[in-house]
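Me: I am new to this structure and would like to understand the reasoning behind a few of the terms used for it. Could we go through them one at a time?

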Amino acid sequence: MLLEGKVAIVTGGTRGIGYSTVKGFLDQGAKVALFGSRKETVDIALEKLRAENENYPVIGLYPNLLDTKEVEEAFKEVVDTFGRLDVLINNAGISQKESIYDYDVKDFEKAIDLNVNAVFVCSQAAAKIMKEQGEGVILNTSSMVSIYGQPSGCGYPTSKFALNGLTKSLARELAKDNIRVNAVAPGVTKTDMVANLPDSVIQPIIKTIPLGRMGEPEDIANAFIFLASDMASYITGVILSVDGCARV
C-alpha cells in the first residue's frame with residue numbers, strides 16, 4: 001500500500017473529488033480525517049464509508065476553514081486521535097459562473113475566501129505540525145482554468161491562479177523543513193454537478209478532450225495518492241494537470 005501508516009486531512013471530503021480521495025487514501029492504508037462544511041454532510045459521508053468498510057480508520061470534523069482557532073483545534077484533534085499529520089489536502093472550494101456584468105463583489109470575495117484564504121489558514125496550521133515532525137506533504141486542488149481562464153465567473157480562475165502561486169511559494173519556503181507542496185489541476189470531471197448535465201451539453205465537452213472522456217473523481221484521487229506517497233519524494237512546487245490533455 002502506497003500510504004500505509006500515513007495520516008491525512010482532506011477538506012471538502014464529503015463528496016465528489018474529495019470523497020473519492022478520502023476513500024482512495026483509506027484503501028491505500030492511510031488514516032483519514034474528513035472535513036466538511038456541515039455536521040450533516042460529514043455524518044452522511046462517514047456512514048457511506050463505513051458501509052463499505054466498517055474498519056476504515058476515519059473521523060469527520062467540520063471547522064470553519066477561515067477561522068484560525070477552529071482550524072488549529074481541529075488539526076490538534078486529528079493529531080490527538082491518530083498521533084501525527086502527514087498529508088493535508090486542501091480540496092474545499094467553490095466555483096462560479098456569473099458574468100462580469102452581474103458579478104457582486106461579495107461573490108467574488110467568497111471565491112477568494114474559500115479557494116485561497118482557507119487554504120492559507122489550513123496550510124499554516126499543518127506546516128506548524130509537520131515542521132515539528134520533520135516532514136509532511138501539502139496538496140492543493142487547483143483547476144485547468146487556473147492555466148486557461150474561463151469565459152465567465154472570473155472569480156474562480158482568479159482564485160485558482162492565486163492558489164498556484166501560493167503552492168509554488170510554499171514549496172520553496174517549506175522545503176527546508178522537509179515539507180513538499182504541490183497541486184493537482186483537474187479538467188472536466190464527472191462530479192455530481194456535471195453528471196446531471198444533459199447529454200447535449202456533455203458530448204460537445206468530451207469532443208474537446210483528446211482522451212475522449214471526462215475525468216472520473218478517482219482519476220484525481222489517484223494523482224493525490226501518488227503525490228502524497230514516497231514515490232513522489234523529489235517532487236515539489238508542481239501544478240499537475242489531470243485533464244485528458246484538454247485545451248480550452
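Me: Why is Lys6 called buried?

Reply: In this predicted model, Lys6 has a relative accessible area of 16%, and buried means under 20%, so Lys6 is counted as buried.

Me: Where is Lys6 placed along the chain, and which residues does Lys6 touch beyond those up to four places away in sequence?

Reply: Lys6 sits in the segment before strand E1, which covers 7-10, and, once residues up to four places away are set aside, Lys6 touches Ala30, Lys31, Asp86, Ala228 and Asp230.

Me: What makes Ser241 partly exposed?

Reply: Ser241, which lies in strand E7, has a relative accessibility of 34%; the term buried requires a value under 20% and exposed a value over 50%, and because 34% falls in between, Ser241 counts as partly exposed. Apart from neighbours within four places in sequence, Ser241 is in contact with Ile147 and Ala185.

Me: How do you know that the span of helix H9 agrees with what should be expected?

Reply: Helix H9 has 12 residues, 217-228, and at 1.5 Å a residue it should span 16 Å; the C-alpha atoms at its ends are 17 Å apart, so the two values agree.

Me: Which residues of H9 are buried, and what covers them?

Reply: The buried residues in H9 are Pro217, Ile220, Ala221, Ala223, Phe224, Ile225, Leu227 and Ala228, and their cover includes helix H1 (16-27) together with strands E4 (87-90), E5 (136-141), E6 (179-186) and E7 (239-242).

Technical notes:
Residues numbered from 1 in each chain as written. Predicted model: local features only at pLDDT ≥ 70, side-chain atom pairs only at ≥ 80, totals over all residues. Heavy atoms only, no water. Helix = DSSP H or I, 4+ residues; strand = E, 2+ residues; numbered from the N terminus. Expected span 1.5 Å × (residues − 1). Buried < 20%, exposed > 50% of the residue type's maximum accessible area, 1.4 Å probe, protein only. Contact = heavy atoms within 4.5 Å.
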